[in-house]
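Please open the structure in a viewer and keep the selection panel at hand. The tour begins with the whole chain and then turns to one residue.

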Amino acid sequence: MKVIRSMSFDQQGGDITARAVQATAEPVTAPALRQAILQHLQSALGKDPAHASLHDMRMALTLAVRDKVITPWLAATQASHAARAKRVYYLSMEFLIGRLLEDAIMNLGLDEIAHEAVASLGHDYRTVLDDEPDAALGNGGLGRLAACFMDSLSTLGCPAYGYGIRYEHGLFRQSFAEGRQVEAAEDWLRQRHGWEFERPEAAFRIGFGGSVAEHGKSAVWTTEDAVIAKAYDTPTIGWQGKWANTLRLWGAEPLNVFDLTAFNSGDFVGAARAEALARTISRVLYPDDTTDQGKELRLKQEFFFTAASLRDIMRRDAANHDDLRGLAGRVAIQMNDTHPAIAGPELVRILHDERGIDFDEAVDLAQGCLNYTNHTLLPEALERWSESLMGRVLPRHMQIIERIDTLHARRHPACRAGIIENGEVRMGDLSFVMANKVNGVSALHTELVKSTVFADLDALHPGRIVNQTNGVTPRRWLRGANPGLSALITQTIGTGWEADLERLRALEPAVDDTGFLDAFDAVKAANKARLAAWAGRSMGMTLNPEAMFDVQVKRIHEYKRQHLNILETIALWQAMRENPGAGWAPRVKIFGGKAAPGYVMAKEIIHLINAVAHVVNADRVTRDLLRVVYPPNYNVTMAERLIPASDLSEQISTAGKEASGTGNMKFALNGAPTIGTLDGANVEIRDLVGAENFFLFGMTADEVVARRENPHHAAEAIAASPRLAAALEMIERGAFSGGDADTFAALCNDLRNKDYFTVCADFDSYWQAQRQVDAAWADRRGWQRMAALNVARSGWFSSDRTIRSYMETIWQAPSLL
């Protein structure tokens with residue numbers, strides 16, 4: 001008999017209280033899991049095995065596996081409570097968690113047991129796992145980083161909560177119509193979400209608008225509108241099931257669900273108006289903010305989840321502590337980009353207006369708790385809200401921001417710019433001023449943060465900016481996504497590398513062993529064959545698995561330069577057509593990613609890629625040498641298919657614009673060498689894998705800045721590059737648009753006359769680097785060795801390493817394992 005610690009939820013406020021129970025700790029077996037599945041089929045779904053659908057089987061398996069997560073989840077909460085340990089609170093607008101079932105099974109070590117249990121019930125295990133929808137809670141690297149961090153926080157036993165929004169429809173579901181992106185609502189919550197626990201006892205009233213009445217040194221904010229933020233908890237289990245933290249997502253609900261008087265008077269739509277308006281806040285991730293209504297909704301979303309999270313944090317702290325002045329020793333709040341920047345003013349409001357702490361001291365207390373991760377150097381991505389919008393939606397916070405700005409200027413007379421400037425509230429500056437630590441996410445990015453966007457503030461606050469290079473969880477992105485390679489790694493260096501990824505260095509001696517390289521190549525070939533089969537089923541395309549799979553998958557943005565890739569593809573296609581027998585390396589160019597609905601130029605890049613694919617794939621001369629593929633609706637599950645099957649990783653952003661990237665790390669970890677610029681974490685990848693195992697091209701960040709000073713840089717680059725000029729001319733004369741010369745005029749005009757992201761200036765260097773890739777590919781054994789060395793030398797890019805560094809240098813948070 002073994003004592004297992006379990007907890008129950010206090011219905012008064014959602015706090016967890018501990019109680020010890022006696023239970024027999026029995027290992028999970030396939031028959032036991034099978035019985036648990038059958039029990040959930042009957043008790044939770046009302047089905048017997050003979051009539052269970054695929055959805056029923058997946059839900060029953062989910063609930064059975066979830067049962068195994070609950071015990072360590074509650075035990076972790078009890079341990080945190082008993083230790084009175086400092087907790088980390090990670091506030092993020094996105095958590096791109098993907099599918100959870102297979103991840104939980106893997107982390108619990110139940111892979112073979114679950115497979116056997118499902119098979120014994122007459123279902124195909126892979127089909128059951130694939131029935132789970134991707135949770136539509138993020139867009140790109142920002143959200144996927146947050147998900148990786150939650151995995152690592154649990155693996156390392158750091159007491160933590162993730163806080164975000166429970167989006168009903170997420171970003172959007174992408175499809176293509178005549179090559180153009182079409183957005184439709186995601187419907188992942190149309191069916192029950194088997195991993196979440198609804199917490200009606202954890203709900204907060206969140207208000208907007210209204211007026212402020214001064215009362216002595218504090219104020220009372222009387223709101224005009226309000227919604228209820230209701231909590232939904234998802235346990236996040238770490239490796240080997242030793243610890244689980246909580247992802248708490250907020251859903252918006254109305255104060256009054258239904259207006260019966262309006263309904264009875266015949267106003268059926270008006271009767272439900274309050275519910276519709278409230279749910280709007282948690283319906284869609286990143287609503288189009290090109291309209292005033294969109295801007296207001298964005299600001300409301302950001303305040304909604306941030307305010308609810310802070311009230312939850314303060315409630316939890318107040319249940320155990322009386323001294324507010326010790327708050328920073330118990331609470332570490334990480335703002336993931338500027339979306340939660342309103343946390344500074346809101347925490348000051350709580351401490352000052354509600355708890356009676358002097359304003360200056362409240363600011364200092366809040367600064368001691370808050371930290372800010374900067375993810376961008378792009379001016380448009382550092383959010384700014386007009387004073388009029390902020391004052392209308394959050395009038396008390398506008399006053400507090402003004403006072404913070406004044407206080408900061410008084411304390412730092414040398415300050416040259418304020419938080420409020422030209423009628424706008426600069427949320428990046430607000431985040432910096434209210435943070436104890438500010439971190440960049442790669443070595444290069446951190447130095448650029450210091451020298452560019454926050455140069456003045458860095459001079460005032462030396463040492464506040466620190467670096468925390470991003471990482472990815474090796475559990476999902478290697479062991480789970482690439483089981484063949486994982487098995488080969490374990491066979492070669494033994495077990496345990498999943499929690500100590502730098503052990504991959506032990507693979508290096510094996511890269512000179514032909515047997516290992518043959519096995520490594522066989523794994524890659526099998527992954528490519530599976531991807532080709534999937535492309536055939538889902539897109540009706542025939543791909544040659546022996547061709548080089550050249551992949552660029554990420555959010556579509558001009559600085560990421562998918563248009564540089566497609567321009568080089570056009571030039572390559574022309575060269576192949578002119579001399580098809582020149583010994584070209586056969587390539588499959590694979591693109592993936594979504595453009596923001598209001599980002600016209602990014603959507604034109606998508607259109608161009610698909611237009612080129614339509615023409616190139618139909619060319620009988622080159623169809624065996626070059627194919628262009630753009631599967632729609634790129635998400636985590638698609639990434640798990642594409643990345644292990646990739647031969648070449650395209651990381652070609654304009655130097656100085658990519659903060660870090662995490663896709664670059666996932667590709668290298670799965671044995672795809674990089675072609676890229678010295679941007680973001682590419683710099684560190686190249687340093688670690690070796691310059692000889694990385695295809696470098698393009699200008700440095702300083703050279704990009706210098707090149708832009710020449711107003712004719714684009715025209716000069718085009719004039720100096722016959723290949724680039726020919727590719728642009730083909731687009732302009734309608735070769736990819738049925739003869740319509742106007743279709744891509746805006747995109748081509750931008751490249752010729754502005755080209756802020758220096759596509760033209762880097763084109764020839766990119767072309768030359770691609771020909772170096774061709775030459776390296778021809779040496780099959782040399783390529784295999786290069787790819788294997790990328791795996792062996794990528795262990796530093798584990799998110800476990802990143803989180804350990806946050807724990808030590810920013811949060812001062814413990815591990816309780």
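How much area does the protein chain expose, and what percentage of it do carbon and sulfur atoms supply? The protein chain exposes about 30400 Å², of which carbon and sulfur atoms supply 50%; accessible areas come from the Shrake-Rupley method with a 1.4 Å probe, and for residues only the protein chains shown count as cover.

This is a predicted model, in which local features need pLDDT of at least 70, side-chain atom pairs count only at pLDDT 80 or more, and totals for chains, interfaces and linings use all residues. Residues are numbered from 1 along each chain as its sequence is written, and side-chain values use heavy atoms, with hydrogens and water left out.

Select the whole chain and show the cartoon. The protein chain contains 32 helices and 24 strands (DSSP runs numbered from the N terminus: helices are H or I, at least four residues, and strands are E, at least two). The C-alpha trace spans about 80 × 70 × 60 Å along its principal axes.

Next, colour the chain by accessibility. Of the 817 residues, 59% are buried, that is, under 20% relative accessible area (1.4 Å probe, protein chains only).

Now select Thr 674, which lies in strand β23 (residues 674–676). Is Thr 674 buried or exposed? Thr 674 counts as buried because its relative accessibility is 0%.

Finally, display the surroundings of Thr 674. Leaving aside residues up to four places away in sequence, Thr 674 touches Leu 648, Ser 649, Gln 651, Ile 685, Phe 694 and Phe 695, a contact being heavy atoms within 4.5 Å.

Definitions and conventions:
Buried means under 20% relative accessible area, exposed over 50%, partly exposed in between (1.4 Å probe, protein chains only).
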